[in-house]
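Grab a pencil and open the viewer. Here is a set of packing exercises to work through, each with a solution.

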Amino acid sequence: MRSTDPDLLKEYALRIWHYKQGEVVSLMVHLGDRLGLYRAMAGGEEMTPDELAERTGLSERWVREWLLGQAAAGLIDRTPENRFSLSAEGAQVMVDEDAMAFAAGAFIGGFHPGRIDDMVNAFRTGIGITYHRMGESVARQVDRMNRVGVGPFLLERVLPSVDGLMGKLEAGCRVAEVGSGGGIALRTLAERFPACTVDGYEPSGIACSRARRRIRHLPNATIHEAGGEDLAGEGRYDLALALDCMHDAPFPDRIAAAVRRSLKDDGVWLIKDTYCYETFEDNLRNPMLAMQYGYSLSGCLLSAASQEGAAGLGTLGFHPAEAERIVRNAGFTSFRMFRLEDDPIHNYYEVRP
Ligand SMILES: C[S@@+](CC[C@H](N)C(=O)[O-])C[C@H]1O[C@@H](n2cnc3c(N)ncnc32)[C@H](O)[C@@H]1O
């Protein structure tokens, strides 16, 4: 091995400490979200630590330390007189849960030690854990982060991108959603299209309980505690949806086969999955690639490899080439990938029998 180059050593050390800083700042973001600090600053006015402490009912000394740290991180603005404010952009990213740019919900304060043990175990055995085992906090995080994407954005931008779909939905048809999580899309569709019946299939009991609460007022929506591979019926559905779940499923090919069986011949399957490509080199275009691999090991791959013999796709595994291979093997003949400008982190696929 060659001897150490002092410049390269410095550069490498700085890079790793930047990551550590990111970890610690992430915890501060979680605290700001959880304690309502960003929310109290969402109006944009400048305030002293005292004023923010007063407004949130928190200790001034702790609020002051947090504000200075946030200013150091470039997340909150500070005047030389120590008055602090959250910009309009900051308010959207940190507070506005109805904004596509909302991010604070992703900051959960670090990993639960039990979860880290699950990951260590998965490295040793090759077997991960299901979303149900990941627990309530992950289910809540998924709901918070996807609230716009599978809510208003689905209605306004995604569904109209598929030829003829809005007309079918307006007229009333049968919809199946696999991997329906906490039921945000189920509720959105059942409310907006009362003439449709919407059936959700979701294997996590925890997510199903959240979905049941969300759709209990809607007679045209149901949730089944089952995987997408257990989709009922033959030629029953006009539309099938799989939103951000194919790469999480241990056997995505079985889901594709079940969707093909239960979809009408003139039906359509709309899939939303991670924005990614087939090769690592191509994926390097994504400035958040390292984070995606981290998400995979701590969530998506855990789920995708939660059974013996699973495909184990993980966050970046359902790329366009794999998607096309899986759906064609299941008997679909028409495959179109599309992207939406305001959603840089997903690929969409329109698939037909
Ligand atoms: C990232 S969450 C997405 C949830 C929801 N579609 C959304 O966009 O908010 C992935 C979901 O896929 C579900 N999942 C895992 N294996 C599955 C399977 N075999 N069939 C259907 N869903 C599955 C998980 O339980 C989890 O709820």
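The exercises below go through domains, helix pairs and a sheet in this predicted model.

**Exercise 1. Work out which domains the chain has, and how far apart their centres lie.**

Solution. Start with the bounds: the domain assignment gives domain 1 as 6-98 and domain 2 as 113-352. Next, take the C-alpha centres of domain 1 and domain 2, which lie 34 Å apart.

**Exercise 2. Describe how helix α1 packs against helix α4.**

Solution. Step one is the geometry: α1 (residues 6-34) and α4 (residues 60-72) have axes that come within 11 Å and cross at roughly 125°. Step two is the label: angles over 145 count as roughly antiparallel and 65 to 115 as roughly perpendicular, so α1 is oblique to α4. Step three is the hand, and here α1 passes α4 in a left-handed crossing. Step four is the contact itself: α1 brings in Met-28, Leu-31 and Gly-32, while α4 supplies Trp-66, Gly-69 and Gln-70. Sort those by class and you get three nonpolar, three polar and no charged residues.

**Exercise 3. Do the same for α6 and α15: find the angle, the hand and the residues that make the contact.**

Solution. First, find helix α6 at residues 113-125 and helix α15 at residues 289-304; their axes come within 10 Å, with a crossing of roughly 60°. The two helices are therefore oblique to each other. Looking at the hand, α6 passes α15 in a left-handed crossing. On the α6 side the contact uses Arg-115, Asp-118, Met-119 and Ala-122, and on the α15 side Leu-297, Ser-298 and Leu-302. Tally this contact by class: four nonpolar, one polar and two charged.

**Exercise 4. Are α11 and α12 roughly parallel or roughly antiparallel to each other?**

Solution. Begin with the numbers: α11 (residues 184-192) and α12 (residues 205-215) pack at about 20°, their axes 9 Å apart. Angles under 35 degrees count as roughly parallel, so that is the label for α11 and α12. The crossing of α11 past α12 is right-handed. Now list who meets whom: Ile-184, Leu-186, Arg-187 and Ala-190 in α11 face Ala-211, Arg-214 and Ile-215 in α12. By class, that contact comes out as five nonpolar, no polar and two charged.

**Exercise 5. Trace the seven-stranded open sheet, find its edges, and then see which helix packs on the sheet.**

Solution. Walk across the sheet and the order reads β5-β4-β3-β6-β7-β9-β8, with mixed pairing. The edges are β5 (221-224) and β8 (334-340), each of them paired on one side only. From one strand to the next, the twist averages 20°.

Now zoom in on one pair. Strand β7 (residues 263-274) and strand β9 (residues 343-352) run antiparallel and are joined by six bridges. To find your place in this pair, go to Trp-269, whose bridge partner in β9 is Val-351.

Last comes the helix. Helix α13 (residues 252-262) packs on the sheet, where it touches β3 (174-178), β6 (237-243) and β7. Compare directions to finish: that of α13 makes about 150° with that of β7.

How values were computed: Residues numbered from 1 in each chain as written. Predicted model: local features only at pLDDT ≥ 70, side-chain atom pairs only at ≥ 80, totals over all residues. Axes fitted to C-alpha atoms, helices over the stretch in contact; angles between N-to-C directions. Helix = DSSP H or I, 4+ residues; strand = E, 2+ residues; numbered from the N terminus. Left-handed = near helix turned anticlockwise from the far one by under 90°. Contact = placed C-beta atoms within 7 Å. Nonpolar A, V, L, I, M, F, W, Y, C, P; charged D, E, K, R; others polar. Pairing = 2+ DSSP bridges. Domains from an automatic or database assignment.
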